[in-house]
Amino acid sequence: MILDLARLLLFPTLMAFAAASDLLTMTISNRVSLLLVAGFAVLALAGGMAWTDLLLHVAAGAAVLVAAFTCFAMGWIGGGDAKVAAATALWFGFDHLLNYLLYASLFGGGLTLLLLEFRRWPLPYMLAGQPWLLRLHHRDTGIPYGIALAIGALMIYPDTQWIKAVDLGRFIAG
């Protein structure tokens, strides 16, 4: 029961927190990525993931970490985004990695276009006192890609083995 609750809640909660944090502060704490990695390790071991599967998940995370930090070095994404993307890839492995990256890219492109348009217009007076909104509205501020990474991840997560392993009948029956 506790393992099923952790499978249902841990990853989505951390992704939602990463998105909210990036929206409000334009940063994602290293703690989020570390909790994602630790949560994966605990749930993979507690759930009896085979060592070969575990290593493939680690390889997926490492591949995304290299690619994401290359993007970070080029100034295209933030460091927190790179770490969250890699930790998410660890959870998904290669089975769902391409779909995740596709969704995150599409949502990231949409978010970028939306923010560029948002930044063209003045903020209404009643919203101008919100520091997080002022920061988001400023033209020199980057794009909080953590939002797109989280939405993409939450679109994919229900199709993963993490959710398929949950005995939903136990929650529905009582």
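R7 has a relative accessibility of 8%, so this residue counts as buried. The model here is a predicted one, and R7 turns out to have a partner: a salt bridge links R7 to D4, with 3.3 Å between the closest N and O atoms. D4 is tucked away too, since a relative accessibility of 5% makes this residue count as buried. Both R7 and D4 sit in helix α1, three residues apart, or about one turn of the helix.

How many salt bridges does a search of the whole structure find? The count comes to two. Besides the R7 pair, R120 forms a salt bridge with E117, and here the closest N and O atoms are 3.0 Å apart. The setting of this pair is another matter. R120 has 53% relative accessibility and therefore counts as exposed, while E117, with a relative accessible area of 35%, is partly exposed.

Back to helix α1, which covers residues 2–25 and packs with helix α4, residues 79–118. The axes of these two helices are 12 Å apart, and the angle is about 165 degrees. Angles over 145 degrees count as roughly antiparallel, so that is how α1 and α4 run relative to each other. Their crossing is left-handed. On the α1 side, the contact is made by L10, F11, M15 and D22; α4 brings in D81, V84, T88, W91 and F92. As for the chemistry of this contact, six of the residues are nonpolar, one is polar and two are charged.

Conventions
Residues numbered from 1 in each chain as written. Predicted model: local features only at pLDDT ≥ 70, side-chain atom pairs only at ≥ 80, totals over all residues. Heavy atoms only, no water. Axes fitted to C-alpha atoms, helices over the stretch in contact; angles between N-to-C directions. Helix = DSSP H or I, 4+ residues; strand = E, 2+ residues; numbered from the N terminus. Parallel < 35°, antiparallel > 145°, perpendicular 65-115°, else oblique. Left-handed = near helix turned anticlockwise from the far one by under 90°. Contact = heavy atoms within 4.5 Å. Nonpolar A, V, L, I, M, F, W, Y, C, P; charged D, E, K, R; others polar. Salt bridge = Lys/Arg side-chain N within 4 Å of Asp/Glu carboxyl O. Buried < 20%, exposed > 50% of the residue type's maximum accessible area, 1.4 Å probe, protein only.
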